[in-house]
Amino acid sequence: MRAQFLTESTAVCPLGGVSGALLGALGTVGYALARSRPADIPLEVLGLGVGAALVIGVLVGFEPAAHAPTLAPHRSTCHTVTGCARREHHQGGPMLRRILAAVAGVLLVGTTAAPAVGTPGPIAWTPCADRPEFECATLTRPIDPDRPDSDTFQMALARHRATDPGRRIGVLVVNPGGPGDSGVNFTFGARWYFSPEVLARFDIVGFDPRGAGLSQPVRCSTELQFGGPTTHPTDQAGFERLREHNRRLHEDCARHSGPIVDHVSTDDVVRDVDALRQALGERKISYYGLSYGTVIGQRYAEHHGDNVRAMLLDSVVDRGLNAREYVASSARAAADSFEQWNLWNGRTPSSPLHGLDIGDLWDDLMARADRGELVAPDDPANRITTYDLSATLTSSAYAPDWDDFSSWVLSLRDGGIATPSATHSDDAHDTSLFATAFTTISCADLSFRVRTYAEYAALTRWEKQVSPRTVGSNRGNAAMTACLGGPETHTPQRPGTMRTQVPTLLINSRHDPSTSHENATSVQRQQGQAAVLVTYEGSGHGVYDRSDCTRQVSDTYLLSLDVPRNGLSCPSTDK
């Protein structure tokens, strides 16, 4: 059995065995919000939903606002297939099957027939039923943006009003990535993520992108979503089985979701964002996008640059990579994650692995996994593969959370019982909905396809050559296999020119396991004077609130349009 987890990058990991690693693959934005919340604010208040497997050891739940159906959110990690990871093959033992059965469900959704949609009118905001300090609404949008008279869906919105209306600058539209993460839920956590001054001067407005969250999510049957052949085929027959499975999965999603399944590309979302701007009555908007949210931001700046006041893109996706470049870049990021873990163990006396030869320990575990001898300490029936080890390593690099990861590795070496550092949700919808949204949106954008087993095998050999210790990367394999057997994209994402009056601010960690620094550097080079890059010289995915420096640079840009020097760096605060 294999689990299909398309994570922007696989996100953070609770480290409770392979099952924990899989659920951990569903998180990114949640950690960022939880990291910045006051100590007396319970995690549940953040509204991040299941799928936010926090590295601090808590998998949070979420009670959605009563203004909309109960469709729980999730946190990402990662940003089209070219910004995240995809479903990973795991040898699913009984525990894994129980967890998947608990969190997966079959959901059906209908399509709303509605009159033609013209110029968006004013939004009818009302207090969110269970969060009256926020306002909630929907915006009617055509499913096919090229046919305004087509059937419609309701795009879910949330707003946190500027706390100092007399000094209000305007609107800050936010998107936390995924693809498929909930901007509504991200807005609910804005008070613990953005600085007080940003909250005072901006209305924070979040939206659930079409096909995700509360905006008519794409839905597929659980049996196909979480079943099927390995995503690491070793021969032509296995490659064809995967192709056929993916084809059947797409047909199943289309049958359960209706026509929206073919209209969830970033270009479609960008048109929704500009419709949102018009409905808000704003001549220009400011925008903050994290991870895959940077793809939306780049594309919006290319199509509607005159409507942008400020564009802050955090953890940047490079849309200019071909298949060979992408798998190599992902493998280098995985190798860098291993090196950062190794360095952390060397400088951290409290690490359970301090003083050990990390390279030898890791190589031994990988060899045991390759022979089929490695099992989860808390579930001996659950066999751990080399891909599980690699995915859990890169997942742990999101925060990063090397202490929990090192404890888990030690338990694998010693065969002891690992104490899970996170609990699992009983909600029956989150995991399948997130995986489905990620896959469908990613494949609507992916600019390259791996079409033959010979090509796949060659790319797999290449990524393992680039990073043999991590057997390439789960993200690289995801890009090669996620869209196999699916329809061709009509709007492949490729670099364009961001045409904003004020240069775009790119911020990125030096050691990001998902959106690597080399990708951010590449995007800045592509844009020239249209963008500047500021580097946080530490580790992790998501930069805005990493340090006083990153927050000050970002806030000064948003508040005063003061563009920092390209190449500026903020020192690491990693411990």
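**Exercise 1. State which backbone feature Gly-528 shows just after helix 17, and describe the surroundings of that helix.**

Step 1. Gly-528 takes a positive phi of about 60 degrees, just after helix 17. Helices (H or I, at least four residues) and strands (E, at least two) are DSSP runs, numbered from the N terminus. The model is predicted: local features need pLDDT of at least 70, side-chain atom pairs count only at pLDDT 80 or more, and totals for chains, interfaces and linings use all residues. Residues are numbered from 1 along each chain as its sequence is written, and side-chain values use heavy atoms, with hydrogens and water left out.

Step 2. Helix 17 spans residues 517-527, and its buried residues are His-517, Asn-519, Ala-520, Ser-522, Val-523, Gln-524 and Gln-527. Buried means under 20% relative accessible area, exposed over 50%, partly exposed in between (1.4 Å probe, protein chains only).

Step 3. The cover over these buried residues includes helix 9 (292-304), helix 10 (323-347), strand 10 (504-511) and strand 11 (531-539). Contact here means heavy atoms within 4.5 Å.

Step 4. Helix 17 lies across strand 10 and strand 11, at about 170 degrees to strand 11. Axes are lines fitted to C-alpha atoms, for helices over the stretch in contact, and angles run from 0 to 180 degrees between N-to-C directions.

**Exercise 2. Place strand 7 in the sheet and name its partners.**

Step 1. The open sheet has 10 strands in the order 1-2-3-5-4-6-7-10-11-12, with mixed pairing. Its edge strands, each pairing on one side only, are strand 1 (126-128) and strand 12 (569-570). Two strands pair if DSSP finds at least two bridges between them.

Step 2. Strand 6 (residues 285-290) runs parallel to strand 7, joined by 6 bridges; Tyr-287 has Met-311 of strand 7 as its bridge partner.

Step 3. Strand 7 also runs parallel to strand 10, with 3 bridges between them. Leu-312 stands opposite Leu-505 in strand 10.

Step 4. Of the 7 residues of strand 7 (residues 308-314), 7 are buried.

**Exercise 3. Classify the packing of helix 11 against helix 12.**

Step 1. Helix 11 (residues 358-370) and helix 12 (residues 386-396) pack at about 140 degrees, with axes 8 Å apart.

Step 2. The two helices are therefore oblique to each other. Angles under 35 degrees count as roughly parallel, over 145 as roughly antiparallel, 65 to 115 as roughly perpendicular and the rest as oblique.

Step 3. Among the contact residues are Trp-362 and Leu-365 of helix 11 and Leu-389 and Leu-393 of helix 12.
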